[in-house]
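Reader: I've got a model open on my screen and a few things to ask about how its pieces fit together. Can you walk me through it?

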Number of protein chains: 2
Amino acid sequence: MKISTRFSDSIHILAFINIYHGKVPLTSNNIASSIGTSPVVVRRLMSQLRKAGLLNTVHGAAEPSLAKDPTAISLYDVFLAVEDNTHLFTIDHKTNPECIVGGNIQETLTEAYHQAEVAAEAKLARTSLQDIIDTILVKQAQKEARQRKED
Amino acid sequence: MKISTRFSDSIHILAFINIYHGKVPLTSNNIASSIGTSPVVVRRLMSQLRKAGLLNTVHGAAEPSLAKDPTAISLYDVFLAVEDNTHLFTIDHKTNPECIVGGNIQETLTEAYHQAEVAAEAKLARTSLQDIIDTILVKQAQKEARQRKED
DNA sequence: AAATTTGTAACTTAATAAATTACAATAGAT
DNA sequence: ATCTATTGTAATTTATTAAGTTACAAATTT
């Protein structure tokens, strides 16, 4: 019942590209350093984001750019782009069909889980990449203000 | 990173105990046959459900019983009882603190994920074990009606 | 007392996400 | 045109952990 860090890392990539565009070279290596992973992992995620229409990349050149305005990219878009198992809960598929419970619980839980998943997805759909970027920048500004006071 | 079926299996256990109470011996073996797992896995989950105050068990005797009315047990109660990592999304904790993004994204995503998680949890909290049992029994009745028509 | 069952610890197996290695394809600089 | 840096992707390895297994003490029932 665990979503991989691919989702988090993908949001990270997109936010990084937006914030550091024109400031540092947007190589998979630099992005990987910020995430704390390898450049290949970053390129693999960027490939998926590109296929989902969220990111433009140039083969051979470190010039990735967002394919849409950050206000038009939701966390749910990112989630769908990079998670292949988009289910938050897992149905046990090996239950005994001969049993009243085993024979009906899979369908029953599919419905119950679906409601919960949609509720979560709706929240992700209502949070934009821009919201995330804004929050990151606010937190950074707060951090720097605190730092200055300490000096 | 394998996704846990513990949540599904635990709902299964509780529904089984309610539906088959007085009809078949409620041994961990019988319950395991319905789920398609081993008796030890069942006993381990039952132990957690007992500690969470959802189930009564008797050491040495096959007499488990629900500790509360099924209308008073929510899926979220079960979820909390048997899942140790209750987070639906995973934060990447190894991001680079020196970077504006790496240094602020963990907190930022914690907040965003929390909203989505609460929305899903609220749906789970509003679905009771009784709802699940009712649905299982309705589906079973439909199945049997279809069966009779075919004969 | 014998047979059955629960409760739990310790260990093994299986599944898979993440990391690594390798290399072809492309871009840009000199 | 060649050299260097980079992306894109496949193939493989590693690390993690959920699930399954083994083992056995403790309690219950007959």
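Author: Sure, here are some questions and answers on the packing of helices and chains in this predicted model.

Reader: Let's start with chain B: are α1(B) and α4(B) parallel, antiparallel, perpendicular or oblique to each other?

Author: Helix α1 of chain B covers residues 6–20 and helix α4 of chain B covers residues 75–82, and they pack at an angle of about 120° with their axes 9 Å apart. Angles of 65 to 115 degrees count as roughly perpendicular and those over 145 as roughly antiparallel. An angle of about 120° fits neither class, so α1(B) and α4(B) are oblique.

Reader: And what sort of residues make that contact, by class?

Author: From α1(B) you have R6(B), F7(B), S10(B), I11(B) and L14(B), and α4(B) brings L75(B), V78(B), F79(B), A81(B) and V82(B). Sorted by class, the contact of α1(B) with α4(B) has one charged, one polar and eight nonpolar residues.

Reader: What about α2(B): which hand does its crossing with α1(B) have, left or right?

Author: Helix α2 of chain B runs over residues 28–35, and α1(B) packs on it at an angle of about 125°, with the axes 10 Å apart. That pair is therefore oblique. As for the hand, α1(B) passes α2(B) in a crossing that is right-handed.

Reader: Which residues of α2(B) take part there?

Author: On the α1(B) side the contact uses D9(B), H12(B), I13(B) and F16(B). By class, the contact of α1(B) with α2(B) has four nonpolar, two polar and one charged residues. The residues in α2(B) are I31(B), S34(B) and I35(B).

Reader: Now the two chains together: which helix gives the most to the side of chain A that touches chain B?

Author: Across the two chains, 50 residues of chain A are in contact with 51 residues of chain B. On the chain A side, α1, α2, α5 and α6 each supply at least two residues. That side has 25 nonpolar, 17 polar and eight charged residues. With 13 residues, the top contributor is α5(A).

Reader: Last one: which chain B residues does A15(A) contact?

Author: A15(A) is among the residues that touch the most other members of the largest nonpolar core, which has 75 residues. Leaving aside neighbours within four places in sequence, A15(A) is in contact with L129(A), I132(A), I133(A) and I136(A) in chain A. From chain B, the contacts of A15(A) are V101(B) and I105(B).

How values were computed
Residues numbered from 1 in each chain as written. Chains lettered and ligands numbered in written order. Predicted model: local features only at pLDDT ≥ 70, side-chain atom pairs only at ≥ 80, totals over all residues. Core = buried A, V, L, I, M, F, W, Y, C linked by C-beta atoms within 7 Å. Buried ≥ 20, exposed ≤ 12 C-beta atoms within 10 Å, placed from the backbone. Contact = placed C-beta atoms within 7 Å. Axes fitted to C-alpha atoms, helices over the stretch in contact; angles between N-to-C directions. Helix = DSSP H or I, 4+ residues; strand = E, 2+ residues; numbered from the N terminus. Parallel < 35°, antiparallel > 145°, perpendicular 65-115°, else oblique. Nonpolar A, V, L, I, M, F, W, Y, C, P; charged D, E, K, R; others polar. Left-handed = near helix turned anticlockwise from the far one by under 90°.
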